[in-house]
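Trainee: Could you take me through one part of this model in detail? I'd like to follow a single strand and see what sits around it.

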Amino acid sequence: MQIPQSTKSLLLLCCVFCLSANVFSQPDEQDVSLKEARQLLHQADSLLKLKEFPAAEALCFEARLLFETTEGENSPGVADALCMLGETLYPRRKLDLAIRAYKEALQIRQGLLPKHHPDVVFCYSRLGSCFQDQGDFDRAIEQYFQLQDILIEKHGKEHEKLTTVYRSLGACYISKGDFQNAFRYFEQGYAIQRKLPNDPDNLEIRLLNNMGVARQNQGDIDQALLYYQKMLAAANERVEDDYIRFLKATAYLNIGDAYLLKEEPATAMSYFESAVEWYGPQSRSTGLTYGSMTAAARQLGMLTEGRNYLQMWKDNWEATMPEGHPYYSRYYYQGGLLETELGDFEEGIKMLQKALELNLDNYGGYNPEVSKSYLALGSAWLSNGDHDQAQSQFNYALIASGGEAPGSDCSNPEFLVEGYQGIGDVYMSRFAQQQKPAYLKLALANFEKGLEVLQCHQAGFYSDASKFRLSEKSYPVLEKSLSCLYQLHQLEGKEVYLEQAWDLLEQSRSIRLFESLQETEALHFAGIPESLLQKENQLRIDLTFLEKQQRALQQQGIPERDSGYLQLGSKMLDLQQEYETLRKQFEADFSDYYQLKYDLNTISLPAIRSELLEEDQTLVEFLTGNQNLYVFAVQKERVAFVQIPLDFDLETYIEQMRHGIYGYYSTPNKTDALLEETVKEYVESAQFLYQRILGPVQDFLRGDLIIVPDGALGYLPFEALLTAAPRDIINFSKYPYFYKEHAISYNYSATLIREMQDKTHHREPEKEWLGFAPFFDGGYDFVEQQSLAIAAEIDETYEKGLSLRTRKFSQLPNSGEEMVLGKSLWNGDYYLGADATRDRFRELAGQYRMLHLSTHGVADPRVGDYSYLAFAEIPDSVNNELLYVRDLYNLRLNADLVVLSACETGIGEVQKGEGIISLSRAFAYAGAKSILTSLWVVDDASTKDLIKAFYLQLKKGENLQQALFKARKEYIRQNPGMEAHPFFWAGFIIIG
């Protein structure tokens, strides 16, 4: 309710009258009553509500004098007057004076009142707020801890007043950059608040936002998004008022910021636009949103639009934000980045320096915002060629981020990493100018510190997506480290540089898959009771179900802010928290689980040479950087480490080769011109890629090869590379294929070769072979009769013809013959047609040593977790015929070999460092030692022939590499000419 101006004037007149009456009274009239002193405080309180702070301050001083005269200096009245004085100073940010007033009041009250009295509690609370606003977070935390102890002693650990205390503690730790402790206190506050029957201040929603911000700052973006979704879902259940609208707008702003960190600026911008709409034009938070829109425009390369948003930001804050507010530093920071990108280096440096000065004034020298400013300045000076200035700024950034020891503050790693990387970049630039090896060694030391911090931090994430994102952030640092080691090895020739480079490479390869395999081992060999294992498994299944439901809504075009989508996110978050609690229980109660889970030692270069490789084997491992391709070729006696400049478009050549292989056969409009075009495309790219990626190490390639690809190389069938130009372009059986010289298998890392070879199954398989052919309609009699007729060779039943295993789930007539093979060679069990259901596979798969799935597969290169295999459809059931990668993560297999006789089972989404998130990788995750998998849409008939030859070689006792090697040779021998085209035989590879 607005107070009329006439009332305000009357109150002011009364105050002035009272003040003047006391000032001009005679000394013998100063013996005023306590009642008059209390009346002054009452009047001061009325002025406070009117925000007439100077007049209220004057009355407080007068009241204090009267109380001192009548009661003494340490009286309750003096304490009350001091507290009221603090209330007049605090809103005007006269924080030093406010702190002094509250401190004096607290000292008096501590001598007069029990420590848990509300008036004592009030002083601690206000002192905490003042220190917090002053940027003295350590002293603020001291006050809040005192307050916490008092409240717990008086009311117990679940009292509602603790919610506000924990929220304040969390806010202080956020400001300190200690996001781990911040999250812990927000979580404690939330745990109390959610049990309370009422929430008039919407603390539950605010705490969900706070927890999301903490997780976001830790780098766990995907879990942060779940907190914001739960926040929005909770806000939607409340009666909408101005504050609920504000909280929704804040959620949209934070979601947008999260998508900025995920480098999805277009999605982020849509959320920022919603935030502006909900905040309204008069909110200072609208200005903050314009700041985020400035950053999004920069990511989108829309620098002119970014400058417009920057101006809108400035206009908004000049109208709404008090001068000197700490947030002004954000304006200058974003402005500085924008101006430097626009080419105005001088103006950019000026704005970044202003941001730094404001941050230092508001936060002191140890704060993430301070570190950000130093990092931006360091990068600007380095791009301008000033090494000394750049190095100085990066060093200050490290100090502001929490110190130089790697892992010293794993709650806020990214600024530390950027600082170490910046210093490393400076030394590499110095080396480029002066060619002093000492600079390379200094650069390497800093890059390695950055990688240590990232590895420390990654273990704390829940979501795979956030771990993958951190792996991607580590890749530029890893590439620079390898560049240093390569150059040092070239200069000094020391073996130690090879071993260091190898260790760095292996520590970055498929680490999430390695962790998952180790955790599976830990679960089953740590003595955890079966009931808890079942609970853990059910939680994972429930989480997968919810994730798939969210994915289905996305595919239907339902926006993420839809209430149904938000409710799913809310449930996912609850399940994640329950799952994390259970895993922490395992770590605390079962020491073997902890030891097994975190035993992530990678295999060393000497161990590979002495223990892993045979005399006639070569391991070839790649790392695909932004500037260079790195190749290790490792044999028992020698090692090659090669740096190949990426002065060509690797991904384009790989795609050209793949299209050259399947482009003609995968289209219904086959013409001679298309055949000629695709053959030319294949021949040129297959030769070029061989010369560029294997040519530098071809003298080191001997015997069977184990290839560990990286990035887009995972899509490449190395077998189909050409070592020279073919003499007869039409006779495909005579092409100089690389596979003719070497039997080839693949893996995700050298460490995982060892892990998959040495893997102990959870239980020994009871049976030998299990096959599924959901799209064979020939019936069981066909398989039984054919299996009885088999002797040394199996007669072909279907006439040769091109029948692609398409995405339309058509019948696969040759899949029945694959069942015949398993039945006849291993007396296997099999299921056909409607019996070949997903649920039956999940139920039986863990009992068999060999699994064979002859079906349709579909890869999703955008979201690899949603690639899938198709099973028999059950009427009136939704999507129950699809087995997704996410589902496979929840299986526990005991298979030595999985044969994926389906399309695209070896491809999917590329994740830097982790590889391709494919169906084959998911089977490795589930426990399979080896997988036969496909790289494209394959032909049904040729697939049957190739697998037939492969199985016969296995039955003769050949290992997997040799079996597939000889199967290819046999296939090409029996199918000369056009049918020897690599489309028919190069799509299948062995992993394991």
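Mentor: Here is a walk along one strand and its two partners, with a quick stop at a helix pair afterwards. Keep in mind that this is a predicted model.

Let's take strand 2, which covers residues 628-634. This strand is mostly covered, with seven of its seven residues buried. Look at where the residues point: N628, Y630, F632 and V634 go one way, while L629, V631 and A633 go the other, and all are buried.

Now for the neighbours. Strand 1 (residues 617-624) runs antiparallel to strand 2, and six bridges join the two. The link between strand 1 and strand 2 is a hairpin of three residues. If you want a spot to zoom in on, T624 has L629 of strand 2 as its bridge partner.

L629 also gives you a way across to strand 3, where I644 stands opposite. Strand 3 spans residues 639-645 and pairs with strand 2 over seven bridges, again in the antiparallel sense. Here the hairpin that joins strand 2 to strand 3 goes through four residues.

While you have the viewer open, try helix 37 (residues 940-955) and helix 38 (residues 960-974), whose axes come within 8 Å and cross at roughly 130 degrees. That angle is why helix 37 counts as oblique to helix 38. The crossing is right-handed. Residues making the contact include L946 and F950 from helix 37, and L964 and Y971 from helix 38. By class, the contact has nine nonpolar, two polar and four charged residues.

Methods:
Residues are numbered from 1 along each chain as its sequence is written. This is a predicted model: local features need pLDDT of at least 70, side-chain atom pairs count only at pLDDT 80 or more; totals for chains, interfaces and linings use all residues. Side-chain values use heavy atoms; hydrogens and water are left out. Axes are lines fitted to C-alpha atoms, for helices over the stretch in contact, and angles run from 0 to 180 degrees between N-to-C directions. Angles under 35 degrees count as roughly parallel, over 145 as roughly antiparallel, 65 to 115 as roughly perpendicular and the rest as oblique. A crossing is left-handed if the near helix is turned anticlockwise from the far one by less than a right angle, and right-handed if clockwise. Contact means heavy atoms within 4.5 Å. Ala, Val, Leu, Ile, Met, Phe, Trp, Tyr, Cys and Pro count as nonpolar, Asp, Glu, Lys and Arg as charged, and the others, Gly among them, as polar. Buried means under 20% relative accessible area, exposed over 50%, partly exposed in between (1.4 Å probe, protein chains only). Two strands pair if DSSP finds at least two bridges between them.
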